[in-house]
Structures are given as structure tokens and as C-alpha cells.
Amino acid sequence: MLSVGLEQKKYSSRIVVVTNGVGATLETLSGNDDEFISDCVYEFVVIGDNKAKQLAECVGGLPNSSLYSEDDMRRRILAEHRGTTMQIQKKQQLRLSPTVYFNCSIYTKTKVKNLPTHQKASALALARRSPDGSLVLDPTKCEKAKVERQHRYTLASNQDEPVEADGILEAFRYGRQLVTFDAQEERLKKFAVAADLSVTHFLPQSEVPLYIGMDDCLCITSRPGATRSRVSFGAFVRALKDMDLAAVARFVKKDGSSPTMIALVPDISSDVECFYTRTLPFDQDVRELPFDPVKAQVSKDKIELAKQLISDMDLKEGSFKCEDTLNPVIERVFQVIEARARDATCPIPPETDEIKQLYTPDPALLRSAGPTLARFREAFDLPVVETRVEPVEKKLKVESNVGIVSKSGPANVDAWFQAASEETVEQVGPLNPVEDYDAMLSRKDKDLAEPAFTGLRAQIDQFIGPAGGANYYDKAIECLAALRRGSLKSYMEREFNEYLTKLKKTCARPFWNKMVAAEITLIHGCANVETTLEQSREFLIKDEPTTQLKLVATTPQDNDDFDDF
């Protein structure tokens with residue numbers, strides 16, 4: 001029997017009795033009559049067998065009592081996590097100007113449903129001795145077994161020295177420095193805006209595609225009971241619908257929340273005139289997708305074959321509704337929880353056929369479309385690609401040295417000790433410049449970003465200079481690509497762009513042609529540089545180098561740095 005206190009609910013307490021038999025429950029009730037008869041208001045819920053008539057009669061004499069069968073209770077629990085009820089989220093005014101507004105109600109139409117919260121508990125506190133002497137878990141000790149996590153801050157350089165919470169600053173990386181704010185400044189730099197829903201402008205609905213929606217979808221309707229506002233709101237919705245327009249509004253959900261821009265898409269049905277919202281992305285939220293243009297030409301016959309495939313695999317009209325399709329992940333979790341609730345020793349059950357049907361194609365549909373699928377595969381020559389699973393290797397760090405440990409086998413002890421005995425890289429050499437550069441950037445004991453950049457830049461100049469020649473252009477291109485990649489990692493984008501601009505003016509045309517072929521261009525889109533995407537693209541096209549360096553006819557023989565290549 002569980003007694004749960006409810007705050008600000010209809011009942012002060014809820015007493016729940018879970019039983020598989022009538023006799024045990026009747027005995028429990030008879031021994032606790034005094035507990036039920038009190039000044040508190042109780043909701044008494046019994047979960048038991050459908051045939052528990054004696055139990056129903058016993059419970060019927062108590063106020064606020066209910067009797068649920070196992071099936072009834074299962075439907076009740078599932079209804080709680082499937083989100084079938086519509087609840088108002090907020091009452092707000094949709095403003096067109098400071099003096100023209102509509103009184104509206106905002107509902108949540110779609111919202112991502114998360115998995116049920118897992119509470120952590122101590123296995124030792126839940127354990128009890130069974131009659132045979134073994135330790136078993138006792139779920140009735142759940143209140144005593146709750147655990148809490150406490151945060152403890154220490155210095156990274158000294159794990160034994162604690163740091164108090166009031167001595168911690170919020171720090172943000174800006175380039176190669178940290179910008180800090182204390183707790184008071186952290187509060188002041190936040191937006192202090194009031195709740196708001198104001199229309200800013202209008203745009204065609206075609207400019208608000210579905211893929212830009214970034215948050216939950218809200219439904220905005222006129223407030224019930226506001227007759228005048230409802231008429232004017234309906235006229236506004238119908239006007240936008242007839243003009244095929246959407247309204248863009250500034251939306252602040254509640255006081256102190258971050259402002260967002262939303263599109264209000266009009267919708268008219270037999271029941272309601274409303275707006276559905278789509279949260280619009282800001283410039284920082286949009287990702288660039290540099291796809292290569294499609295060069296292959298598709299014949300009309302193949303397009304017709306694809307249409308036939310779509311027709312054969314199309315579900316019957318109205319047979320699929322996303323709002324009626326359950327989430328297989330959530331259903332699977334509740335299947336396992338229900339099985340373990342019925343029997344604490346029950347192993348994890350396999351997936352049911354109902355859950356598998358939620359994410360697998362219909363076998364009958366695949367069989368009916370089988371001939372068309374075979375023709376489609378033959379027409380487009382789609383071979384079966386066999387993927388090879390390579391053993392994954394992990395890097396094992398010892399101070400600043402690196403050894404390799406393979407997941408598929410025992411550790412390579414010899415390589416580990418060899419790496420541990422090697423000296424750390426302090427400068428970029430001519431033999432393995434890229435490896436030296438990456439090793440210097442990976443150092444954790446000191447910041448070697450600047451000497452690594454300077455060292456690799458010097459090696460590139462030597463490779464393409466008079467002492468090098470065309471034989472070293474490929475190695476220089478490899479180093480230049482590594483320098484660009486490392487500059488992004490070490491916040492030296494400005495230095496790289498300055499070097500690449502200077503290199504463009506002084507390098508030989510054959511080396512420039514290799515740079516263009518490798519598409520090594522300026523870094524753009526970072527806080528440290530003002531270069532735009534268009535400028536980085538034009539860098540490899542406009543103003544090709546006119547200066548031609550005089551190269552030595554033969555490869556150098558008297559330079560010790562190149563003797564080992």
C-alpha cells in the first residue's frame with residue numbers, strides 16, 4: 001500500500017493499493033481503518049483483479065474510492081505519456097500596434113515527448129534479506145534509497161584544493177584568451193525583456209518552408225469569450241489565408257525569456273481559425289551545405305520507372321497518420337517498465353510485434369512492389385556494398401606521449417613504452433613537418449600554437465623557395481592544408497589569411513595552380529577574421545600571381561635539411 005501526499009491538488013493524499021488477490025487487500029484494509037478515517041481528504045485507488053467484487057464492496061464504503069482493473073490502469077498510464085489532452089499554455093495579446101491587438105490563447109500543438117525520468121537509487125539501501133538468505137531489491141524502500149549528486153570544484157592543477165562556488169567565474173573563450181564575468185555581471189548581461197507577441201512584417205508562405213521550424217509548434221487562437229476580438233482575429237486570419245501570406249512576429253514566451261522570431265501561418269478549419277507557428281532561425285543558426293552540382297542526366301524512362309515505384313509502394317490514402325503513430329522508443333521503454341513492475345525478477349522482454357510494426361516496412365507492401373523494385377535496381381545498377389568493420393584504436397596518453405591500444409586485442413606494450421621514452425616535439429622539422437606540427441598543437445603542458453605556426457610556415461617557404469623547387473610542391477601543399485586546418489583549431493585564422501595573401505603574391509605560377517587544384521583558400525566565417533564566403537571563393541579566381549620566382553634548375557644537393565627526403 002502506498003500513501004502519497006499531494007500538494008495543491010484535488011486531494012490531500014492519494015492511497016494506492018496494488019494487489020493480485022482479494023484476501024490480502026481485505027486484511028490490509030481491515031487493519032488500517034483508523035488511518036483512512038481522518039480529517040484529510042483521500043483519493044482511494046485500488047488496482048486489482050476484475051473479479052475482486054468483495055474488494056469493490058469494501059472500497060465502495062470509503063469516500064473518493066475507485067476500483068481499476070489491470071487493463072484499466074495500463075490504459076490510464078499509457079494515456080499520460082501519449083499527450084492526447086490539449087492544455088492552454090498561455091494567454092497573451094497578439095499586437096499589430098500599441099493600440100491594435102487581439103486577445104489570444106496559445107496552445108502547444110506538437111512537442112517532442114521525452115523518455116520518462118529515471119530516478120537514481122542506492123542498490124545497498126534497496127537490498128533486503130530474503131527467507132533463503134539471499135539479497136534482493138525491495139522497491140518499497142524507494143524513499144530511503146534516493147541518492148543525490150553533489151558538485152565539488154577543484155583546481156585542475158591541484159585536485160586536493162577545493163574552490164568555493166562564490167569564487168568561480170563564468171569564462172568564455174574568445175580567440176586565445178578567456179573573457180570572465182562574475183555572478184552579478186552574468187545576470188546583467190542577460191536579456192531583460194517582457195513577454196511579448198508583436199507582428200513585425202509579412203512575407204509569402206513559400207518563404208517559410210517546413211524545414212526551418214526549430215521549436216515546438218504552437219496554435220494561437222482567439223480567446224474564448226472575447227466576441228469582438230474573435231471576429232477581428234478571424235478576419236485577420238482569413239485575409240492572410242486569401243493573400244497566401246504569413247505574419248512574422250517577435251515572440252517572448254514569458255518575462256525574462258530570450259526573444260525569438262516566429263512565422264504565423266494561417267489555418268482555417270470547420271472548428272477554428274488559428275495560426276500555427278514556425279520558429280525562424282537567426283543567421284547564426286543556419287548551416288551552409290556546399291553540395292556539388294548534379295552532373296548526371298536522368299532519362300525520362302528512368303523518371304517514369306521511379307514514379308511507378310512510388311505508386312506501387314504508396315500507402316492507401318488515409319491509411320497513415322503521423323499523429324496516430326506511436327514512438328517505438330517510448331513504447332519499448334514502457335513495455336520493459338511494465339514487465340518489471342509485474343515481476344521484479346523478470347528479465348528484459350523481447351520487442352513485441354506491435355512495436356516492430358512501428359518502424360519496419362509492411363511485408364505485404366514490399367511483396368507487391370517486388371517486381372518494380374527489381375527493375376529499379378537493374379536500371380540504376382545499384383550494387384550491394386559490403387561494409388568492413390575495422391578494429392577501433394584508442395589513443396592512450398601518458399603525460400604528453402601517445403601510445404596505441406587496440407580495442408580488438410591487448411595493448412601494444414612495446415609501442416607504449418617506446419612512445420613514453422621519446423622526447424616531446426618542440427619544433428617543426430623538415431622530415432615530418434605535418435606530424436611535428438600536429439604534435440605541437442596537441443601538447444597539453446604548454447601552448448605551442450605560435451611556434452608551431454611559425455615553424456610550419458618556414459618549412460613551406462623553404463619547400464617552394466629557391467632552395468626547394470617543383471619536386472617539393474606536393475609536400476608544401478600537404479603542409480599548407482595542415483596549416484589551414486590547425487589555424488582553425490588554434491584560433492590563428494588571421495595569421496593564416498595574412499600568410500596566404502602574401503604567398504599568393506610571391507609564389508610561382510605552377511605552385512599556385514596546385515593551390516587552386518587543392519582548393520586551399522582563405523578562412524571565413526570566424527570571429528577573428530572579416531573574410532566572407534564570397535571573398536574566399538574569389539581568392540582562387542581573381543588576381544592570379546604575376547611574380548615568377550627564379551628556381552634552381554636542379555634539386556639541391558648541399559642542403560642538409562633535404563638530404564633525407
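The overall make-up of the protein, its nonpolar cores and a nonpolar surface patch are described below.

The model is predicted. The protein contains 19 helices and 17 strands. Of its 565 residues, 28% are buried. Among contacts with a separation of 6 or more, 57% are between residues 24 or more positions apart. The accessible surface of the protein amounts to about 40000 Å², and carbon and sulfur atoms account for 52% of this area.

The largest nonpolar core comprises 36 residues. Within this core, the residues that touch the most other members are Leu-480, Leu-483, Phe-496, Leu-500, Leu-503, Phe-511 and Met-515. Two or more residues of the core come from each of the helices α14 (433–441), α15 (449–464), α16 (473–489), α17 (493–506) and α18 (509–518). When neighbours within four places in sequence are set aside, the contacts of Phe-511 are Ile-464, Tyr-473, Ala-476, Ile-477, Leu-480 and Leu-503. Two of these contacts, Leu-480 and Leu-503, are also listed with Phe-511 among the core residues that touch the most other members. A second core, separate from the largest, has 19 residues, including Leu-197, Leu-218, Phe-233 and Leu-240.

On the surface, Phe-172, Tyr-174 and Val-179 form a nonpolar patch of about 270 Å². Val-179 lies in strand β10, which spans residues 177–181. The relative accessible area of Val-179 is 31%, so this residue is classed as partly exposed. Patch members must have over 30% relative accessible area, a condition that Val-179 meets at 31%.

Conventions:
Residues numbered from 1 in each chain as written. Predicted model: local features only at pLDDT ≥ 70, side-chain atom pairs only at ≥ 80, totals over all residues. Heavy atoms only, no water. Patch = residues over 30% accessible without salt bridge, like charges linked within 9 Å, V, L, I, M, F, W, Y side chains within 5 Å. Areas by Shrake-Rupley, 256 points an atom, 1.4 Å probe, with all protein chains shown as cover. Salt bridge = Lys/Arg side-chain N within 4 Å of Asp/Glu carboxyl O. Helix = DSSP H or I, 4+ residues; strand = E, 2+ residues; numbered from the N terminus. Buried < 20%, exposed > 50% of the residue type's maximum accessible area, 1.4 Å probe, protein only. Core = buried A, V, L, I, M, F, W, Y, C linked by side-chain atoms within 4.5 Å. Contact = heavy atoms within 4.5 Å.
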